[in-house]
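Biologist: Got a minute? I'd like to go through this one with you.
Modeller: Sure, let's bring it up.

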Amino acid sequence: MLKTDLAARLRPAFDDDRDAETFLLRLERYGADLEGSLRAVYGDATDTLMAELLEVLIHAHHTRAPDLKRLDEARLLRPDWLQVPEMIGYVAYTDRFAGTLRGVQERLDYLEGLGVKYLHLMPLLKPREGENDGGYAVQDYRAVRPDLGDMDDLSALAFKLRGRGISLVLDLVLNHVAREHEWAEKARAGDPVYRDYFHIYPDRTQPDAYERTLPEVFPDFAPGNFTWDTETSGWVWTTFNSYQWDLNWGNPAVFREFTDLILHLANRGVEVFRLDAIAFMWKRLGTASQNQPEVHHLTRALRAAIRIVAPAVAFKAEAIVAPADLIHYLGTRDHHGKVSDMAYQNSLMVQIWSSLASRDTRLFETALLAFPPKPTNTTWGMYVRCHDDIGWAISDEDAGRVSLSGPGHRHFLSDFYSGEHPGSFARGLVFQHNPATGDRRISGSAASLAGLEAALDAGHAEWTDHAVRRLLLAHAVTLGFGGVPLLYMGDELALLNDYTFAQDPAHAPDNRWVHRPKMDWALAEAVQDNPATPAARVNTGIRALIAARQRTPHLHASIESRAVPSPDSRVLLLRRDHPLGVMLCVYNFSEHEVAFPTYLLRDQLGEHAIDAVAGTHFTLQRATTRLAPFRALWLLQAEVLP
């Protein structure tokens, strides 16, 4: 309970009794989570930090707009707002989608027509000039990239989106800032307060000790994890690039700064924060300095602080880590359901592409069965493709369970999706080859990786048909998994690799720009008039899947999909146990028709089922059910047919 004396001291800071009561009730609800998590990290420094945070929280509460406060109350009444089947995500770069933030406003009819309820605009806060890791080297968290607009444009867009029931999602880089950020500039100028915002060492003694267990994120163009900086006369921790300075989260002042930043952006209308590079926040000698326990205490404390002022806001963890580590970002044991509200189910994407290449779902099934259950109040973010490369995050243990070599299978996938493997349908590019580990990640658009580019170049009608079916199957898996499906801009139009990136000096060194094309608005308009084209078929198919998802309550994310052992290695079965009945998703990952034994479907569903995608009825009494190439079924339990 909130101490009476604290409530009495805080109440005079509010002009309105009702406003004060709202704040104090939330402080009572979340204060223990906030203080307890901070004390686990900062110990005796917590009391001073809490006093500073209360000032930050009260100020942010005072300046929060009335319509945002109303949204806060609505979300408290509907805490599962991120879990409902109507939630469809769309991910885009502002400039490549619509030029500017004002340009995005002009395209809201398109997004609404697609069924979008969640719009993630890729890094748009002001980055350093020149090379900036695609916008993830932030120079100013309180300003927008000038060519996109300004903070007022951001607020105006957020307001328009709210009016259409669409949540604005932004990236918040937690691990590092640009070398040109105000904090780093003050550190370079010798200010001891700001030097302590970073990890700076006078010689190589400590960096060398850390390097013994640290991996390299970008071995091709940013080897090592430390950079000598002449102005600071020290070695600065730079996990990603020499111009991205890692923050010292062991300093309570950094926590205070980010609480203030998040609330500032929340009051501008941001509803979901993608917590970028969250796994790297805490450093510990003798480890990989990833996934440390303090990361989860800090995230829980940030979440609690934000809930006091802006409970409409949610956190999404950008933690591309192994399943055993990933689950902690949603919360386990004492943190259960109290850390991030959402995390990327990155294993799903990897397994989709793995199964499409191998025509074998046994590894997919095994990997899902090994996934620990998530808290019921959290959700996954799933995607076929994203802005990043594909790293083949397949564990040796999962591979071994299906008699595969982990390194061998990862090597096969890199060969296959770079087009080097005989018979490959894919057109991808190798990204960040690490000869020491054999790691080769892959860049490429979904359509090019699925074989559409090669099929069109060859003028091969059957290959083109297979590529379209692969794309629709992949999207059916993500849309039918239960969580927030994240549609990457252009995938709904089957956009191909954009090789012109190599002509732009700012993009040429990073081949991930091959799958970051500009939106083809002419194509978006033309698909209505040319229904037989691959782009139109993919667009129509994805829209049908979205519509089917939004009318299927069984896809509420509080319930998880779990793999059911399949007697045919080409077919993946995922079961969902909803109060309205069982849902069984059936996916044929091969280009061949499969005669699937009906008894297994009948054992799960009974005698009758409805396919939620096509709206057709099934009587499950025949010996076999014919599954067309790349067929996706969302089967729901049904009563006796009318």
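Biologist: How much area does the protein expose?
Modeller: About 24,700 Å². Carbon and sulfur atoms supply 51% of that. Keep in mind that this is a predicted model.

Biologist: And what share of the residues is buried?
Modeller: Of the 642 residues, 61% count as buried.

Biologist: Which residues touch the most other members in the largest nonpolar core?
Modeller: That core has 196 residues. Tyr-90, Trp-249, Phe-255, Trp-353, Tyr-417, Tyr-587 and Trp-634 touch the most other members.
Biologist: Is there a second core, and what does it include? Just tell me what's in it.
Modeller: A separate core of 17 residues includes Val-571, Leu-573, Val-582 and Leu-584. In soluble globular proteins, nonpolar side chains tend to be buried together.

Biologist: Back to Phe-255. What is Phe-255 in contact with, leaving aside neighbours within four places in sequence?
Modeller: Its partners include Leu-34, Leu-38, Tyr-42, Leu-49 and Leu-53. Trp-249, Leu-298, Ala-301 and Leu-302 are also in contact with Phe-255.

Biologist: New topic. How many helices and strands?
Modeller: There are 24 helices and 25 strands.

Biologist: What about the overall dimensions?
Modeller: The C-alpha trace spans about 75 × 55 × 50 Å along its principal axes. The radius of gyration is 25 Å. A compact globule with 642 residues would have one near 26 Å, so the two agree.

Biologist: What share of contacts joins residues at least 24 apart?
Modeller: It's 71%, among contacts between residues at least 6 apart in sequence.

Biologist: Last one: how many positive and negative side chains?
Modeller: The protein has 66 positive and 84 negative ones. The centres of the two sets lie 4 Å apart.

Technical notes: Residues are numbered from 1 along each chain as its sequence is written. This is a predicted model: local features need pLDDT of at least 70, side-chain atom pairs count only at pLDDT 80 or more; totals for chains, interfaces and linings use all residues. Side-chain values use heavy atoms; hydrogens and water are left out. A nonpolar core is a set of buried Ala, Val, Leu, Ile, Met, Phe, Trp, Tyr and Cys residues joined through side-chain atoms within 4.5 Å. Buried means under 20% relative accessible area, exposed over 50%, partly exposed in between (1.4 Å probe, protein chains only). Contact means heavy atoms within 4.5 Å. Helices (H or I, at least four residues) and strands (E, at least two) are DSSP runs, numbered from the N terminus. The radius of gyration is taken over C-alpha atoms; the globule rule is 2.2 Å times the number of residues to the power 0.38. Accessible areas come from the Shrake-Rupley method with a 1.4 Å probe; for residues, only the protein chains shown count as cover. Lys and Arg count as positive and Asp and Glu as negative; His and the chain ends are not counted. The place of a charge is taken as NZ of Lys, CZ of Arg, CG of Asp or CD of Glu.
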